[in-house]
Amino acid sequence: MNLNIKNETGRLKSVVLGQPKSNGSVPTLAESYDAKSYNTIENGIYPKEEDIVFEMTEFEKVLKKYDVEVFRPKIIKDYNQVFARDVAFVIEDKMIISNIIPDRADEQEAYRHIIDKVSWRNVINLPEKAHIEGGDVIVWDEFLFVGTSYSPDYRNLKTARTNEYAIEILKEYFPKKRIIDLDLKKNDTKPYEGILHLDCTFNPIGEDKCVIYKNGFVDEDDYQLVIDIFGEENCFNINDEEMFQMFPNVFSIAPDVVVSDKAFTRMNDHFRNEWGITVEEIPYREISKMGGLLRCSTLPLVRE
């Protein structure tokens, strides 16, 4: 397989979609590894497997409607495998295997049959101390936006998934990229007070636009830098409640086609009416309760 990911919105040709089956029992609060899951477990509204299966099946239907080749990880019994984005990610023709949190380490073996389709020369295994997950990495032509946490509490935060060392390693592998590190607010138990991954606060759309949540950044200068790159008129700003609902975490099939949750009325209308984008609306409310949404559920392999 010849990998090719140069940005977030090029016409999608092949993708890995996470696995909704055999999720296992509802985690305990101690077993949760993000604030949104903590919140839904605490409130007794963690999603049922049949609802997760239904929503991901609707997503797969849309992908196949656009002739996208869809791969799935093998099923691990009683294991959450919904969020493919964190297991690995692709930059240009290279697949980087994430050093994900120990709670999820078993997931990677379920992707072995997919990883084996890629030439070994194009598979990058990072040093053990370089922690990174695909939700924190946004490829945008010459830019590589990377969400991270510079908090002195980094080692104690489950939601701090990408460290400074991993960013330095990316600079070595992709010296021609302009790598922009963005310090994100983190909180393991309060979903209104922290960001799990960069794609929960910022996501490019179309040719030159983005969705962004200002309060997800520790430093307002980081937010302003993104605004300056895209242009204020090209940025759709969301509020606290929309961040909680995971508005930024939509998924582009092409520059003019976005898959979005049908509940995101304000943003979906803006995409259609102001930006001329086709919005494929699907239900994804139940999966959102697990701390991720549409982009989180995918691992794009090839885009035009």
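**Exercise 1. Which residue in E4 is the bridge partner of Ala-88?**

Task: Identify this partner and describe how strands E3 and E4 are joined.

Solution. This is a predicted model, in which local features need pLDDT of at least 70 and side-chain atom pairs count only at pLDDT 80 or more, while totals for chains, interfaces and linings use all residues. Residues are numbered from 1 along each chain as its sequence is written, and side-chain values use heavy atoms, with hydrogens and water left out.

Step 1. Strands (E, at least two residues) and helices (H or I, at least four) are DSSP runs, numbered from the N terminus. Two strands pair if DSSP finds at least two bridges between them.

Step 2. E3 and E4 are joined by four bridges and pair in the antiparallel sense. The partner of Ala-88 in E4 is Ile-97.

Step 3. Ile-97 also stands opposite Asn-125 in E5. Strand E5 covers residues 123–125 and runs parallel to E4, with three bridges between them.

**Exercise 2. Where does Glu-92 lie, and what is the sign of its phi?**

Task: Place Glu-92 in the chain and describe its backbone and its accessibility.

Solution.

Step 1. Glu-92 is found in the loop between strand E3 (88–91) and strand E4 (94–97). These strands form a hairpin with two residues between them.

Step 2. Although Glu-92 is not a glycine, its phi is positive, at about 55°. In general, most residues other than glycine have a negative phi.

Step 3. Accessibility is judged as follows: buried means under 20% relative accessible area, exposed over 50%, and partly exposed in between (1.4 Å probe, protein chains only). Glu-92 counts as partly exposed because its relative accessibility is 29%.

Step 4. Met-246 offers a further case, with a positive phi near 80° in a residue other than glycine. Met-246 lies in the loop between helix H6 (240–244) and strand E12 (251–254), and is buried because its relative accessible area is 7%.

**Exercise 3. How many of the residues of strand E7 are buried?**

Task: Describe the cover of E7 and the strands with which E7 pairs.

Solution.

Step 1. Strand E7 comprises residues 143–148, and six of its six residues are buried.

Step 2. In a regular strand the side chains alternate between the two faces of the sheet. In E7, Phe-143, Phe-145 and Gly-147 point one way, and Leu-144, Val-146 and Thr-148 point the other way.

Step 3. Strand E6 (residues 137–140) runs antiparallel to E7 and is joined to E7 by four bridges. Leu-144 of E7 is the bridge partner of Val-139. The two strands form a hairpin with two residues between them, and Asp-141 in the turn has a positive phi of about 55°.

Step 4. Strand E8 (residues 178–183) runs parallel to E7, with six bridges. Here Val-146 has Asp-181 as its bridge partner.

**Exercise 4. What is the count of salt bridges?**

Task: State the count and examine three of the pairs, namely those of Lys-61, Asp-93 and Glu-281.

Solution.

Step 1. A salt bridge is a side-chain nitrogen of Lys or Arg within 4 Å of a carboxyl oxygen of Asp or Glu. By this rule there are 20 salt bridges.

Step 2. Lys-61 is bridged to Glu-58, with the closest N and O atoms 3.0 Å apart. The two are three residues apart in helix H2, so about one helical turn separates them. Lys-61 counts as exposed, at 51% relative accessibility.

Step 3. Asp-93 and Lys-94 meet through their side chains in a salt bridge of 3.1 Å, N to O. Asp-93 is partly exposed at 32% relative accessibility, and Lys-94 is partly exposed at 22%.

Step 4. Glu-281 forms a salt bridge with Arg-272, the closest N and O atoms being 2.9 Å apart. Glu-281 is partly exposed, with a relative accessible area of 35%, and Arg-272 is partly exposed at 32%. Elsewhere, salt bridges that share partners join Glu-8, Asp-199 and Arg-295 into one network.

**Exercise 5. In which loop does Asp-67 lie?**

Task: Locate Asp-67 and relate its position to that of Glu-281.

Solution.

Step 1. Asp-67 lies in the loop between helix H2 (49–65) and strand E2 (69–71). Asp-67 is exposed because its relative accessible area is 64%.

Step 2. Asp-67 and Glu-281 are 214 residues apart in sequence, and their C-alpha atoms are 17 Å apart in space.
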